[in-house]
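Work through the following exercises with the sequence and the coordinates side by side. Each task is followed by a solution that proceeds in steps.

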Amino acid sequence: MKTGLALAGLLLALTAPVGLTASAAAAPPPLPGVVEVVLEQSRVNTVVGERLTIESRVLNSADAPTDRLVAHLNVASLDGVYVDLEDWSADVTREVPPVAPGSSTSLSWQFQAVNTGSFDVYVVLMPGGDSTAGTGPLVVSQPLHVTVAGKRTLTAAGSLPVAIVVPVVLALVAAAARYRIRRMS
């Protein structure tokens, strides 16, 4: 009995990878070059807090119009810094109406650099029509490399004069007002 179970397990282990390889090979290949998304820039240097706008174009080089598409903006850190996409942009997903054969449509994306470091920003297109949603293939733009530098802010050494001068000025204004009131009475 134990020998039979061991043999069945061995047969299952030997055939499972073959089955997975066969089903992956049977999947339809993506259609490169038919629909593509292109970013107008390839590199940007900025500072934390700066707002940026990038342009992308969805190109259809096929002989037929596309179905409705969904475009999604993504930001990936190349330094391992956590990226909260909602902090970078409130508008990361767009519906793209069908694109006629041989034509294109443009999309503008606005975002704000909120972390220092090195990032890649890219757009993913996916089928979004009633009959094509979830069928793939996905189309991904080339990345826009964004380098974000820190922004100099007031340091403790720079704030010390302000912390001393403001109370002194307020005290002088209060003393002058009090002197003036006493003098009038």
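The exercises below concern a predicted model, and they go from the whole chain to single residues.

**Exercise 1. Describe the make-up of the chain and the surface that it exposes.**

Begin with the count of elements: the chain holds three helices and nine strands, and from the N terminus on these follow one another as α-β-β-β-β-α-β-β-β-β-β-α. Next, turn to burial, where 26% of the 185 residues count as buried. The exposed area of the chain comes to about 12400 Å², with carbon and sulfur atoms supplying 63% of it. Finally, consider how far apart in sequence the contacting residues lie: among contacts with a separation of 6 or more, 72% are between residues 24 or more positions apart.

**Exercise 2. Determine the strand order of the open sheet of three strands, and identify its edge strands.**

The order is 1-3-6, and the pairing is antiparallel. Strand 1 (35-39) and strand 6 (104-112) are the edge strands, since each pairs on one side only. From one strand to the next the twist averages 25°. For the pairing of strand 3 (residues 51-60) with strand 6, count the bridges, of which there are nine in the antiparallel sense. One position within this register is Arg57, which stands opposite Ser106 in strand 6.

**Exercise 3. Examine strand 5 (residues 93-96), and decide which residues form its covered face and which its uncovered one.**

The general principle comes first: side chains of a regular strand alternate between the two faces of the sheet. In strand 5 the covered face consists of Arg94 and Val96, whereas Thr93 and Glu95 make up the uncovered face. Strand 5 pairs with strand 4 in the antiparallel sense over four bridges, and Glu95 in strand 5 has Val70 standing opposite.

**Exercise 4. Find the residues that touch the most other members of the largest nonpolar core, and trace the elements that contribute to this core.**

The largest nonpolar core has 29 residues, and those touching the most other members are Ile54, Val58, Trp88, Val121 and Leu125. At least two residues of this core come from each of strand 1, strand 3, strand 4 (69-77), helix 2 (85-88), strand 6, strand 7 and strand 9 (144-149). Taking Ile54 as a case, and leaving aside its neighbours within four places in sequence, one finds contacts with residues including Leu39, Leu73, Leu107, Phe111, Val121 and Leu144.

**Exercise 5. Compare the surroundings of Val114 and Asn115 in the loop between strand 6 and strand 7.**

Val114 has a relative accessible area of 31%, and is therefore partly exposed. Not counting residues up to four places away in sequence, Val114 touches Val48, Asp87 and Trp88. The C-alpha atom of Val114 is separated by 8.7 Å from that of Val83, which lies 31 residues apart along the chain. For Asn115, with the same exclusion of residues up to four places away, the residues touched are Val48, Val81, Tyr82, Trp88 and Val148. The side chain of Asn115 also makes a polar contact of 3.2 Å with the side chain of Trp88.

**Exercise 6. Is Ser118 buried or exposed, and which residues is it in contact with?**

Ser118 lies in strand 7. Its relative accessible area is 15%, and because the limit for burial is under 20%, Ser118 counts as buried. Leaving aside neighbours within four places in sequence, Ser118 is in contact with Ala76, Ser77, Leu78, Asp79, His145 and Val146.

Terms used: Residues numbered from 1 in each chain as written. Predicted model: local features only at pLDDT ≥ 70, side-chain atom pairs only at ≥ 80, totals over all residues. Heavy atoms only, no water. Pairing = 2+ DSSP bridges. Axes fitted to C-alpha atoms, helices over the stretch in contact; angles between N-to-C directions. Polar contact = N/O pair within 3.5 Å; in protein donor to acceptor, adjacent residues only side chain to side chain. Contact = heavy atoms within 4.5 Å. Buried < 20%, exposed > 50% of the residue type's maximum accessible area, 1.4 Å probe, protein only. Areas by Shrake-Rupley, 256 points an atom, 1.4 Å probe, with all protein chains shown as cover. Core = buried A, V, L, I, M, F, W, Y, C linked by side-chain atoms within 4.5 Å.
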